[in-house]
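Visitor: I should like to understand the terms applied to this structure and the reasoning behind each. May we take them one at a time?

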Amino acid sequence: MDISENIKKYKGELPDEVKLVAISKTKPNEDLMEAYRAGQRIFGENKIQEMTDKWEALPGDIEWHMVGHVQRNKVKYMAPFVSLIHAVDSLKLLKEINKRAKQNERTINCLLQIKIAEEDSKFGISAEEAKEILKSEAYGKMENVRVIGLMGMATFTDDQEQVSSEFKYLKSVFDDFKKQFPDLTELSMGMSGDYQIAVKHGSTMVRIGSSIFGARNYN
Ligand SMILES: *Cc1c(COP(=O)(O)O)cnc(C)c1O
């Protein structure tokens, strides 16, 4: 895998308004540094411990995005530095993020994860539940957390029509929400296998891992 070439390829190919989040989970620091030297500054991880270790070891101008499911008791470890949490799925979790952000005198940006895939295994909430959270008095009072958009993962399938209709649905939810909640500017959708469809349907942030860094080995 030529990581540096891959970064250049995606930066060249993606429209200017679409951010590239390089998903570096399981990859060693040397690989992230190769991407860094090619100009990449946004990295995404799905485990808090691993992200914290990398944050401590790597350059300070990297933006760290948490893209995985977040357990409330671990929020405190990333609160000092995380720049965007992609997969928030409850008011309880937002409350914890707000509390820990406040302790660090920061505001932490978040996305609400909307369930758009067919599989049961995918996390996320419905558009209705997301709207309830944004309208809630509790969220209105939170000063150190800001929901800046939505995130979704399409069904893992070769059926492009299905992936397309899932992304289209999420974009329609996003457009609908934006009328009511003007803070929402980001739509995180698209991974290695489906980012082109996601971009076509209005993604502002793609999360690409294996086609930049190579297949992951979990052993
Ligand atoms: C791992 C991961 C990705 C990247 O997946 P690839 O198929 O390797 O590009 C994107 N989003 C989330 C939430 C992930 O956990």
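Guide: Let us start with Lys25, which lies in the loop between strand S1 (19-23) and helix H2 (29-37). Please bear in mind that this is a predicted model.

Visitor: Why is Lys25 called buried?

Guide: The relative accessibility of Lys25 is 15%. Buried means under 20% relative accessible area, so Lys25 counts as buried.

Visitor: What does Lys25 touch, not counting residues up to four places away in sequence?

Guide: Lys25 touches Gly44, Glu45, Asn46, Glu50, Lys54, Arg216 and Tyr218. Contact here means heavy atoms within 4.5 Å.

Visitor: Which feature does UniProt place at Lys25?

Guide: The unreviewed UniProt entry places "modified residue: N6-(pyridoxal phosphate)lysine" there. Such annotations may be inferred rather than shown by experiment.

Visitor: Which residues are around the ligand?

Guide: They are Ile23, Lys25, Val67, Met151, Met153, Met191, Ser192, Arg207, Ile208, Gly209, Ser210 and Arg216. By class, this shell has 6 nonpolar, 3 polar and 3 charged residues.

Visitor: What makes the approach of Arg207 to the ligand a polar contact?

Guide: A nitrogen atom of the ligand is 2.9 Å from an N or O atom in the side chain of Arg207. A polar contact is a pair of N or O atoms within 3.5 Å, so this pair qualifies. By the same cut-off, two further pairs involve an oxygen atom of the ligand: a backbone N or O atom of Gly209 lies 2.8 Å from one, and a polar side-chain atom of Arg216 lies 2.8 Å from one. The protein covers 90% of the 390 Å² of accessible area that the ligand has on its own.

Visitor: Why is Thr204 described as buried?

Guide: Thr204 has a relative accessible area of 15%; the limit is under 20%, and therefore Thr204 is buried. Thr204 is found in the loop between helix H9 (195-200) and strand S8 (205-208). Its side chain reaches the backbone nitrogen of Leu187 at 2.8 Å. Among the residues that Thr204 touches are Glu17, Val18 and Lys19.

Visitor: How do you know that Ile42 is buried?

Guide: Ile42, in strand S2 (residues 42-45), has 11% relative accessibility. Because buried means under 20%, Ile42 counts as buried.

Visitor: How far apart are Ile42 and Lys19 in sequence and in space?

Guide: They are 23 residues apart in sequence and 8.5 Å apart in space, C-alpha to C-alpha. Ile42 touches Lys19, and its other contacts include Leu20, Val21, Glu63 and His65.

Methods
Residues are numbered from 1 along each chain as its sequence is written. This is a predicted model: local features need pLDDT of at least 70, side-chain atom pairs count only at pLDDT 80 or more; totals for chains, interfaces and linings use all residues. Side-chain values use heavy atoms; hydrogens and water are left out. A residue is near a molecule or strand if one of its heavy atoms lies within 4 Å of it. A polar contact is a pair of N or O atoms within 3.5 Å; within protein, one must be able to donate a hydrogen and the other to accept it, and residues adjacent in sequence count only if both atoms are side-chain atoms. Accessible areas come from the Shrake-Rupley method with a 1.4 Å probe; for residues, only the protein chains shown count as cover. Ala, Val, Leu, Ile, Met, Phe, Trp, Tyr, Cys and Pro count as nonpolar, Asp, Glu, Lys and Arg as charged, and the others, Gly among them, as polar. Helices (H or I, at least four residues) and strands (E, at least two) are DSSP runs, numbered from the N terminus. Buried means under 20% relative accessible area, exposed over 50%, partly exposed in between (1.4 Å probe, protein chains only).
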